[in-house]
Amino acid sequence: MKNRRPQLGIIFLTVFIDLIGFGIVLPLLPLYSKNFGASGFTIGVIMGIYSLMQFLFSPFWGQWSDRIGRRPLLLFSTFGAAISYVVFALGSGCSGNTALLIFLFARALAGFCGANITVAQAYIADITPPEKRSKSMALIGIAFGLGFIFGPMIGGWSTVHFGFAGAGWVAASLCAANFIGTYFLLPESLKPTSEHVKPRPRFTQWMHTLSHPRIGLLIGVFFLSTFCFTTFEVTLGLLVGKNLGIDFKQPAGMKMVTYLFAYCGIIGVIVQGGMGRFVKKLGEAKLIAFSMVLVAISLGWLGFIHHWPELWIALALLSAGSGLVRPPVFGLISILAPANEQGATIGVAQSAGSLARITGPVFAATLFEFHPAWPYMVSGTLAFVVAILVWQWIVPAHPVTAAVEA
């Protein structure tokens, strides 16, 4: 498509601004919940409800975007995200169980709207040739990374200057601006002549997608890699509070935690900026295996760190590894999926990732209460197993793509 570059830029901005709102709230949510008396299990539930909604609705969003277009659903979801952060801000001004229940509802609504990542990835697949899919899918990863850079920094700044509710109001304002920008700037990407596939029931769609051996394997890899990464997302603030003496009950302590997330985002953006070169040199499958080894090493190390220099190094390895996993996984999935089922197929993959984000937070936050190192040890071991599985089953079966040959 002649307008591919401008459209990629617009969809990048749409996802980026959406993820700034996500990044503002993510590092603060476990700390807020803890301050309101939540147990480890309750924190896991509040974090996991976001992904439960994504799990339930990602295939639905993908299927409907294949039928009615990407743009209407992106508009609806960005508007809903703004409402969810307004609710979060209101909950921050409450106390005790009332605040926790409002947080739960706010995150449920945000998760429902956050399923739009499926639509954004389908949009990219619509306007990108197969040989450039992995490189273009890296835009989503870069948007995630930038969201982790600017979101936590804005969240920490908002909390210090405007109190606990400030982060929610700032996130809501950004999402509202995102809705306006999407409305005026983002055109439709789905071709009117595309052959529509009749929507399938959820279980049938899952079975249809997973019946493709290579797609099924890649979705399994995405599930396991996401499960490992949630250990870091949910417990990093709690870990530095326990092992490095950060007081996250004070705004300054929360601000420090948000800076750690921002640092991880910077590393992720840097490595994903070179995605085209990495794919050309290694190919998608080998890149996935290498990345999971980095994730395994860093997670296994994190749980035992008590000094700041070690923490910075471990987080850099983790951010590099996790940043390099997602784009080649979705690049291969989009190459293997039929053109008229991009949304549905990617929706199943996103749903699998959401399932990992449902179980991962509960697992990590609950196990952390027994010993801070346990969730990291288990996840690190799991990441290493994933690397072995990729090397044995996906690397030999992966066809050389034009992106590698170029």
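Q: Is S58 buried or exposed, and at what relative accessibility?
A: In this predicted model, S58 belongs to helix α3, which covers residues 40-68. Buried means under 20% relative accessible area. S58 therefore counts as buried, with a relative accessibility of 1%.

Q: How far apart in space are S58 and R107, C-alpha to C-alpha?
A: S58 lies in helix α3, while R107 is among the buried residues of α5. In sequence the two residues are 49 residues apart. In space, the C-alpha to C-alpha distance between S58 and R107 is 16 Å.

Q: What span should helix α5 have, and how far apart are its end C-alpha atoms?
A: Helix α5 comprises 19 residues, 96-114. The expected span is 1.5 Å times one less than the number of residues, and for helix α5 this should give 27 Å. The expected span agrees with the model, because the end C-alpha atoms of helix α5 are 27 Å apart.

Q: Which aromatic residue of the ring cluster around W61 and W64 is also buried in α5?
A: Ring pairs join F57, F60, W61, W64, F76 and F112 into a cluster. The buried residues of α5 include A99, L100, F103 and F112. The residue named in both groups is F112.

Q: Is T42 buried or partly exposed, and what is its relative accessible area?
A: T42 is found in helix α3. Its C-alpha atom is 12 Å from that of Y32, a residue ten positions away in sequence. Partly exposed covers values between the limits of 20% and 50%. T42 is therefore partly exposed, its relative accessible area being 26%.

Q: How many salt bridges does the count come to?
A: R70 forms a salt bridge with D66 at 2.8 Å, N to O, and another with D126 at 2.7 Å. A further salt bridge joins the side chains of R357 and E233 at 2.4 Å, N to O. The count of salt bridges comes to three.

Q: Which residues are linked in a network of salt bridges?
A: The side chain of R70 meets that of D66, and R70 also forms a salt bridge with D126. R70 lies in helix α4 (residues 70-92) and D126 in helix α6 (residues 117-127), so that this pair links distant parts of the chain, 56 residues apart. R70 counts as buried at 1% relative accessibility, as does D66 at 10%, and D126 is buried as well. The network consists of D66, R70 and D126.

Q: How many residues apart in sequence are the parts tied together by R357 and E233?
A: The side chains of R357 and E233 meet in a salt bridge of 2.4 Å, N to O. R357 lies in helix α16 (residues 342-368) and E233 in helix α10, so the pair ties together parts of the chain. Both residues are buried. The separation in sequence is 124 residues.

Q: What distance separates the C-alpha atoms of A125 and G331?
A: A125 has its place in helix α6 and counts as buried at 5% relative accessibility. Along the chain, A125 and G331 are 206 residues apart. Their C-alpha atoms are separated by 8.7 Å.

Q: Why is the pair of rings from F223 and F227 called tilted?
A: The structure holds 21 aromatic pairs. In the pair of F223 and F227, the ring centres are 6.5 Å apart and the planes meet at 35°. Planes under 30 degrees apart count as stacked and those over 60 as edge-to-face, so the pair of F223 and F227, at 35°, is tilted.

Q: Which of F223 and F227 is buried?
A: The two residues are four residues apart in helix α10 (residues 213-243), and are therefore separated by about one helical turn. F223 is partly exposed, with a relative accessible area of 25%. At a relative accessible area of 13%, the buried residue is F227.

Q: Over the ring of which residue does the charged end of R71 sit?
A: The residue is found in helix α8 (residues 166-185) and is partly exposed, with a relative accessible area of 44%. The charged end of R71 is 5.4 Å from the centre of its ring. The residue is Y183.

Q: What is the approximate area of the nonpolar surface patch that includes Y183?
A: Patches are made of residues with over 30% relative accessible area, and Y183 has 44%. I180, F184 and L185 make the patch together with Y183. The area of this nonpolar surface patch is about 470 Å².

Methods:
Residues numbered from 1 in each chain as written. Predicted model: local features only at pLDDT ≥ 70, side-chain atom pairs only at ≥ 80, totals over all residues. Heavy atoms only, no water. Patch = residues over 30% accessible without salt bridge, like charges linked within 9 Å, V, L, I, M, F, W, Y side chains within 5 Å. Areas by Shrake-Rupley, 256 points an atom, 1.4 Å probe, with all protein chains shown as cover. Salt bridge = Lys/Arg side-chain N within 4 Å of Asp/Glu carboxyl O. Buried < 20%, exposed > 50% of the residue type's maximum accessible area, 1.4 Å probe, protein only. Phe/Tyr/Trp six-rings, centres within 6.5 Å; stacked < 30°, edge-to-face > 60°. Lys NZ or Arg CZ within 6 Å of the ring centre and 35° of its normal.
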